[in-house]
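Welcome, and thanks for taking a look at this one with us. Please open the sequence and the structure side by side before reading on.

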Amino acid sequence: MPLIIRVPGSSAAGLKSNRIVNLLDLYPTLVELCGLPTREGLDGRSFAGWQKTPTEAGPPTLTTMGFKNHSVRSATHRFTLYADGTEELYDHQTDPLERRNLITDPKQKAVADELRTYLPKHDEPEAVENEIDKKRLRKALAEIKKMGPEFRAKAERGQIDPELIRQVYERLK
C-alpha cells in the first residue's frame with residue numbers, strides 16, 4: 001500500500017520513493033523524526049534518512065503470518081517460506097501479480113539464497129495459552145448470545161460492548 005509522510009521543514013515537496021517498508025518501520029521512523037528517545041527491542045527499522053537517497057533500493061523487509069510462515073520482500077522480488085518447507089519466489093518487475101513461481105529456476109537461485117538470509121534464525125513456539133483464551137472467548141460470546149435476542153443479534157453483528165465481553169470472559173476463568 002502507498003505510504004505518504006510529510007516532514008515539515010525537511011521533506012522536499014513531491015519527493016517519491018519506491019522503497020519497500022514494513023508498517024513495523026513506521027513507529028521507529030516517527031520516533032526518530034520527532035527526536036524522541038528510541039526503545040530497544042522493536043522489530044521495525046527507521047527509514048527517516050531515506051528521503052536523502054530516494055532512488056536507492058533499501059533493505060528487504062520481513063513479514064510473518066502464523067508459525068514459521070515468512071515472506072521477505074525486496075525492491076524486485078518476494079521470497080516466501082512456509083512452515084511445511086514449501087518455498088515461492090516471484091519477480092515483481094516482470095510478474096507483479098505473482099503468477100509464476102520461480103523457485104525452481106536455476107537462474108534465480110542467487111536471488112532466493114540472498115533473500116533466505118533475511119529469514120529469522122529462530123522461531124518462537126506457538127503459545128498454547130492463546131488457544132485456551134480463544135476457546136474461553138468463544139464461550140463468553142456464546143453466553144452473551146444466551147442473554148436474549150437483542151444480545152444475540154448484536155453479537156452476530158459484532159456490536160457487543162467490550163466491557164460486557166470482558167466481564168463474562170473473566171467470570172469463565
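Here is a short tour of the sheet, its hairpins and the helix across it. Keep in mind that this is a predicted model. At its heart for this briefing is an open sheet of four strands in the order E1-E2-E3-E4, paired antiparallel.

**The sheet as a whole**
- Strand E1 (61–64) and strand E4 (87–91) are the edge strands, each pairing on one side only.
- On average, neighbouring strands of the sheet are turned by 15 degrees against each other, direction ignored.

**E1 and E2**
- E1 and E2 run antiparallel and are joined by four bridges.
- Leu 62 has Val 72 in E2 as its bridge partner.
- Five residues separate the strands in the hairpin of E1 and E2, where Gly 66 takes a positive phi near 80 degrees.

**E2 and E3**
- Four bridges also link strand E2 (residues 70–73) to strand E3 (residues 77–81), again in the antiparallel sense.
- Within this pair, His 70 sits opposite Leu 81 in E3.

**E3 and E4**
- Antiparallel E3 and E4 are connected by five bridges.
- Leu 81 faces Glu 87 in E4, while His 70 is also opposite Leu 81.
- The hairpin of E3 and E4 has five residues between the strands, and Gly 85 in the turn shows a positive phi of about 95 degrees.
- Four of the five residues of E4 are buried, so this strand is largely enclosed by the rest of the structure.

**The helix across the sheet**
- Helix H2 (residues 109–116) lies across E2, E3 and E4.
- Relative to E3, helix H2 runs at about 65 degrees.

Methods:
Residues are numbered from 1 along each chain as its sequence is written. This is a predicted model: local features need pLDDT of at least 70, side-chain atom pairs count only at pLDDT 80 or more; totals for chains, interfaces and linings use all residues. Side-chain values use heavy atoms; hydrogens and water are left out. Two strands pair if DSSP finds at least two bridges between them. Helices (H or I, at least four residues) and strands (E, at least two) are DSSP runs, numbered from the N terminus. Axes are lines fitted to C-alpha atoms, for helices over the stretch in contact, and angles run from 0 to 180 degrees between N-to-C directions. Contact means heavy atoms within 4.5 Å. Buried means under 20% relative accessible area, exposed over 50%, partly exposed in between (1.4 Å probe, protein chains only).
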